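Reader: I'm new to this structure and would like a close look at one part of it. Could you take me through the main sheet, and through what packs with it?

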Amino acid sequence: MKFLQFASSEPSVSSSARMNLTMSELRYRTARRKGPTLLSFLKLVRFFDKFLRLPAYFSFCNRQNCYLKDAFLFCECKRYDVRGKAYFEYPMKYYCEDIGLRNARTGFRQMEMTHIMENIICSELRARDYHVDVGIVYENGKSKSGANIKISREIDFIATKGNKKFYIQSAFAMPDEEKKAIELKPFSLTGDSFPKIVIRQDIGNPWYDDNGFLNISLIDFLLDDSYLN
């Protein structure tokens, strides 16, 4: 890939200083997102070029991201095609290793509890030595023109350890049937019978629904690891 060229409008600032600014901005923009999300380094490069006029290119952002992972500031989860049984090479999904550090870096702004909850679940799964992926499943649908298309749906986590495998959805609340259908639809598209768990913040005691999906509260999940045994 060709490196993107950047012209500097501030010649008094040294290239090393501007590179430090680029790295600082990369850390901030990765942390400031409302929650775990797909990170496009190409979009970051374009942002640096268009708005900040800072020197950056794809390989630089990718390399610095590796440094951030090695420093245990962020963790990477690959996207996995559940029925195709293959990983997507790009893009990946990133989570903060420490929510407290993330909040401090962003000045305690953008406190979106749904995303913070998802991040906490990811950290807990990794702390229990589970390998964590993001599941991708597909359903048949129609485009606006009426053509048949494949619509992708996401399962928040596929947690695997040895011969154990769980599909997990993080749902802060499911107040109505529409929200419930959106959250649970990916489970019905996996084509297998591995255990499926919905972790919520709006329920008390654990219970199984008519589809056999376990609904548990976030507190129960964090305090009792027997639900994954």
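Author: Before we get to the sheet, one term: pLDDT is the predictor's confidence in each residue, on a scale from 0 to 100. You need it here, since this is a predicted model. Over residues 1-19 the pLDDT stays under 50, and the model has 23 contacts beyond four places in sequence for that stretch. Where pLDDT is low, the predicted coordinates should not be read in detail. For the protein overall, the mean pLDDT is 81, with 73% of the residues at 70 or more.

Now the general layout. The protein has seven helices and 11 strands. It runs to 229 residues, and 41% of them count as buried. If you take contacts between residues at least 6 apart in sequence, 57% of them link residues at least 24 apart.

On to the sheet you asked about. It's an open one with eight strands and mixed pairing, and the order reads β4-β3-β6-β7-β8-β9-β11-β10. At the edges are β4 (86-87) and β10 (207-208); each has a single partner strand, so one side of each has no neighbour in the sheet.

Let's zoom in on β6 and its partners. Strand β3, residues 79-81, pairs with β6 in the parallel sense over three bridges. β6 and β7, on the other hand, run antiparallel and are joined by 11 bridges. Gly135 is a good residue to click on: its bridge partner in β7 is Ile155, and Gly135 is also the bridge partner in β6 of Tyr80. Another pair to look up is Val137 with its β7 partner, Arg153. β6 and β7 form a hairpin with five residues between the strands, where Gly146 takes a positive phi near 95°.

Stay with β7 a moment and find Thr160, which sits in that strand. With a relative accessibility of 23%, Thr160 counts as partly exposed. Thr160 and His131 are 29 residues apart in sequence, yet their C-alpha atoms are 5.2 Å apart in space. Neighbours within four places aside, Thr160 is in contact with Tyr130, His131 and Lys165.

What about the packing? Nonpolar side chains tend to be buried together in soluble globular proteins. Here the largest nonpolar core has 21 residues, and Ile121, Leu125, Phe157, Ile168, Ile197, Ile199 and Leu228 have the most contacts inside it. The elements that each supply at least two of its residues include the strands β6 (131-142), β7 (148-161), β8 (164-171), β9 (196-200) and β11 (214-217), along with the helices α5 (113-127) and α7 (218-223). It's α5 that gives the most to this core, with four residues.

For a single residue's view of that packing, try Leu125. Leaving out neighbours within four places in sequence, Leu125 is in contact with Tyr130, Val132, Phe157, Ala159, Ile168, Phe221 and Leu228. Apart from this core there is another, of 13 residues, among them Tyr80, Ile155, Met174 and Leu189. You've already met two of those names: Tyr80 bridges to Gly135 in β6, and Gly135 in turn has Ile155 as its partner in β7.

Last, the outside. The accessible surface of the protein is about 12,900 Å², and carbon and sulfur atoms account for 52% of that.

Definitions and conventions
Residues are numbered from 1 along each chain as its sequence is written. This is a predicted model: local features need pLDDT of at least 70, side-chain atom pairs count only at pLDDT 80 or more; totals for chains, interfaces and linings use all residues. Side-chain values use heavy atoms; hydrogens and water are left out. A nonpolar core is a set of buried Ala, Val, Leu, Ile, Met, Phe, Trp, Tyr and Cys residues joined through side-chain atoms within 4.5 Å. Buried means under 20% relative accessible area, exposed over 50%, partly exposed in between (1.4 Å probe, protein chains only). Contact means heavy atoms within 4.5 Å. Accessible areas come from the Shrake-Rupley method with a 1.4 Å probe; for residues, only the protein chains shown count as cover. Two strands pair if DSSP finds at least two bridges between them.
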